[in-house]
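Visitor: I'm new to this one. Could you walk me through it and tell me how each label is earned?

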Amino acid sequence: MDNLTPSRPYLLRAFYEWLLDNELTPHLLVNAELPHTTVPQQYVKDGQIVLNIAPQAVVGLQMDNEAVSFSARFGGSPFQVYIPMAAVVSVQARENGAGTFFPPEPGYEEWLATLDESAAADTPAVETEPEDDPPAPKKGRPNLRVIK
């Protein structure tokens, strides 16, 4: 039982359908700071963004087990949105808040840890400065040095 897949994508799809069946407007609350999250940054506030995912507001909505993606207009400009499932915080109705917040799930915690490890492996080591730094140039006078 320890290797269960995350329930978030299944619950998200169920709540989305339920909200639409009740003629409510589904909104996603997204953690815009997670890796691979592509949202219009000018609308992010405190690291989060609320997105209207009603059929009349988006084009090509896809909700699979990995991510939510769609195209929408923001400020009149088209934008392709991509939200890893780990970044979905909640789905709620605009009209009355009906919906759910998603609890943390081990599968997403492991995914984030894997990303952190690979990012650390890709980050070059910080070079330390040599101990015999050249003296700082005197103020007011340009100091050029030829490096070969």
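Guide: Let's start with the largest pocket, in what is a predicted model. Three elements each supply at least two residues of its lining: α1 (8-21), β5 (77-84) and α2 (106-122).

Visitor: Which of them gives the most to the lining of the largest pocket?

Guide: That's α2, with 5 residues. The lining has 21 residues in total, and Thr5, Pro6, Gly107, Tyr108 and Trp111 are the ones nearest the pocket's centre. As for volume, the largest pocket comes to about 450 Å³.

Visitor: What classes of residue make up the lining of the largest pocket?

Guide: There are 12 nonpolar, 5 polar and 4 charged residues. Tyr108 and Trp111 are among the residues nearest the centre, and Tyr and Trp both count as nonpolar. Gly107 is also on that list, but Gly is put with the polar ones.

Visitor: Can we step back? How many helices and strands does the protein have?

Guide: It has 2 helices and 7 strands. Going along the sequence, the order is α-β-β-β-β-β-β-β-α.

Visitor: How much of the protein counts as buried?

Guide: Of its 148 residues, 32% do. To earn that word, a residue needs under 20% relative accessible area. The protein exposes about 10,600 Å², with carbon and sulfur atoms supplying 53% of that area.

Visitor: Why is phenylalanine 70 called buried?

Guide: Its relative accessible area is 1%. The cut-off for buried is under 20%, so phenylalanine 70 qualifies. You'll find phenylalanine 70 in strand β4.

Visitor: What is phenylalanine 70 in contact with, leaving aside its neighbours within four places in sequence?

Guide: The list is Leu51, Ile53, Val58, Val59, Gly60, Leu61, Phe79, Gln80, Val81 and Ile83. Take isoleucine 83 from that list: it sits 13 residues from phenylalanine 70 along the chain, and their C-alpha atoms are separated by 9.2 Å. The two still count as in contact, because that word asks for heavy atoms within 4.5 Å, whichever heavy atoms those are.

Visitor: And which residues does glycine 60 contact, with the neighbours within four places left aside?

Guide: Ser69 and Phe70. Glycine 60 is in strand β3 (residues 59-63). Its C-alpha is also 6.4 Å from that of serine 71, which is 11 residues away in sequence.

Visitor: Which residues of the largest nonpolar core touch the most other members?

Guide: Leu12, Leu28, Leu51, Val68, Phe70, Ile83 and Val88, out of 31 residues in that core. At least two residues of this core come from each of α1, β1 (26-31), β2 (48-52), β4 (67-74), β5, β6 (88-93) and α2. The largest share is from β4, at 4 residues.

Visitor: What does valine 68 contact, leaving aside its neighbours within four places?

Guide: Valine 68 is in contact with Leu12, Leu28, Leu61, Gln62, Met63, Val81, Tyr82, Ile83, Met85 and Val88.

Visitor: Now histidine 27 and histidine 36. Why does histidine 27 count as buried or exposed?

Guide: Histidine 27 has 16% relative accessibility, so it counts as buried, the limit being under 20%. It is found in strand β1. Not counting residues up to four places away, histidine 27 touches Val50, Leu51, Asn52, Ser90, Val91, Gln92 and Arg94.

Visitor: And what makes histidine 36 buried or exposed?

Guide: Its relative accessibility is 52%. Exposed means over 50%, so histidine 36 counts as exposed. It lies in the loop between β1 and β2. Histidine 36 also has a positive phi of about 70°, although it is not a glycine.

Visitor: Where is glutamate 23?

Guide: In the loop between α1 and β1. Glutamate 23, which is not a glycine, has a positive phi too, at about 55°.

Visitor: How do you know whether glutamate 23 is buried or exposed?

Guide: By setting its 73% relative accessibility against the cut-off of over 50%. Glutamate 23 therefore counts as exposed. Alanine 93 is 70 residues from glutamate 23 along the chain, yet their C-alpha atoms are separated by 9.4 Å.

Visitor: How many contacts join residues that far along the chain, say at least 24 apart?

Guide: Among contacts between residues at least 6 apart in sequence, 55% join residues at least 24 apart.

How values were computed
Residues numbered from 1 in each chain as written. Predicted model: local features only at pLDDT ≥ 70, side-chain atom pairs only at ≥ 80, totals over all residues. Heavy atoms only, no water. Buried < 20%, exposed > 50% of the residue type's maximum accessible area, 1.4 Å probe, protein only. Areas by Shrake-Rupley, 256 points an atom, 1.4 Å probe, with all protein chains shown as cover. 1 Å grid on protein atoms, 1.4 Å probe; cavity = no way out; pocket = protein on both sides within 12 Å on 5 of 7 lines; lining within 4 Å. Points joined across faces, edges and corners; volume = space filled by probe spheres on them. Core = buried A, V, L, I, M, F, W, Y, C linked by side-chain atoms within 4.5 Å.
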